[in-house]
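Thanks for coming. I will go through one structure, starting on its surface and then moving inside.

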Amino acid sequence: MGTDRKVHGLVIGSNGGGLAYVAGPDGAVYRTGTASLDAPELDKVADDLRQFLELLEHSLTRFIAAGETGNL
């Protein structure tokens with residue numbers, strides 16, 4: 001991941017619009033800033049996979065109940 005290719009991670013999902021979610025070696029989940037894994041910027045969205053899945057569940061619940069899209 002990133003331009004220096006020194007950070008390794010596992011792509012675990014996508015938002016359907018090109019952004020990818022990556023589980024890092026520290027267990028945290030990051031989102032790419034662009035549609036490319038080569039981009040240098042990753043935004044941390046959760047401390048671990050459990051927190052990421054909880055945020056995803058809340059986002060899906062809001063969408064089903066009110067049609068609100070989330071920022072996960």
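**Nonpolar residues, outside and inside**

The helix α1 gives the most to the nonpolar patch, with six residues. Keep in mind that this is a predicted model. The patch itself covers about 770 Å² of surface and is made by Leu 10, Ile 12, Leu 49, Leu 53, Leu 56, Leu 60, Phe 63 and Ile 64. Two elements give two or more residues to this patch: β1, spanning 10–14, and α1, spanning 49–66.

Take one patch member, Leu 10, which sits in strand β1. Is Leu 10 buried or exposed? Its relative accessible area is 56%, so Leu 10 counts as exposed, the cut-off being over 50%.

Now the inside. As a general matter, nonpolar side chains in soluble globular proteins tend to be buried together. Here, the largest nonpolar core consists of six residues: Tyr 21, Val 29, Val 45, Ala 46, Phe 52 and Leu 72.

Which residues does Val 29 touch, setting aside those up to four places away in sequence? Its contacts include the core members Tyr 21, Val 45, Ala 46 and Phe 52. Also among them are Ile 12 and Leu 49, both of which belong to the surface patch. Asp 43, Lys 44 and Asp 48 are on the list of contacts of Val 29 as well.

Last, a loop residue. Ala 35 lies in the loop between β3 (29–32) and β4 (42–46). Ala 35 is exposed, because its relative accessibility is 63%. Beyond its neighbours within four places in sequence, Ala 35 contacts Gly 18 and Leu 19. From Ala 35 to Ala 20 the C-alpha distance is 7.0 Å, with their positions 15 residues apart in sequence numbering.

Definitions and conventions
Residues are numbered from 1 along each chain as its sequence is written. This is a predicted model: local features need pLDDT of at least 70, side-chain atom pairs count only at pLDDT 80 or more; totals for chains, interfaces and linings use all residues. Side-chain values use heavy atoms; hydrogens and water are left out. A nonpolar core is a set of buried Ala, Val, Leu, Ile, Met, Phe, Trp, Tyr and Cys residues joined through side-chain atoms within 4.5 Å. Buried means under 20% relative accessible area, exposed over 50%, partly exposed in between (1.4 Å probe, protein chains only). Contact means heavy atoms within 4.5 Å. Patches are made of residues with over 30% relative accessible area and no salt bridge: like charges are joined within 9 Å, nonpolar side chains (Val, Leu, Ile, Met, Phe, Trp, Tyr) within 5 Å. Accessible areas come from the Shrake-Rupley method with a 1.4 Å probe; for residues, only the protein chains shown count as cover. A salt bridge is a side-chain nitrogen of Lys or Arg within 4 Å of a carboxyl oxygen of Asp or Glu. Helices (H or I, at least four residues) and strands (E, at least two) are DSSP runs, numbered from the N terminus.
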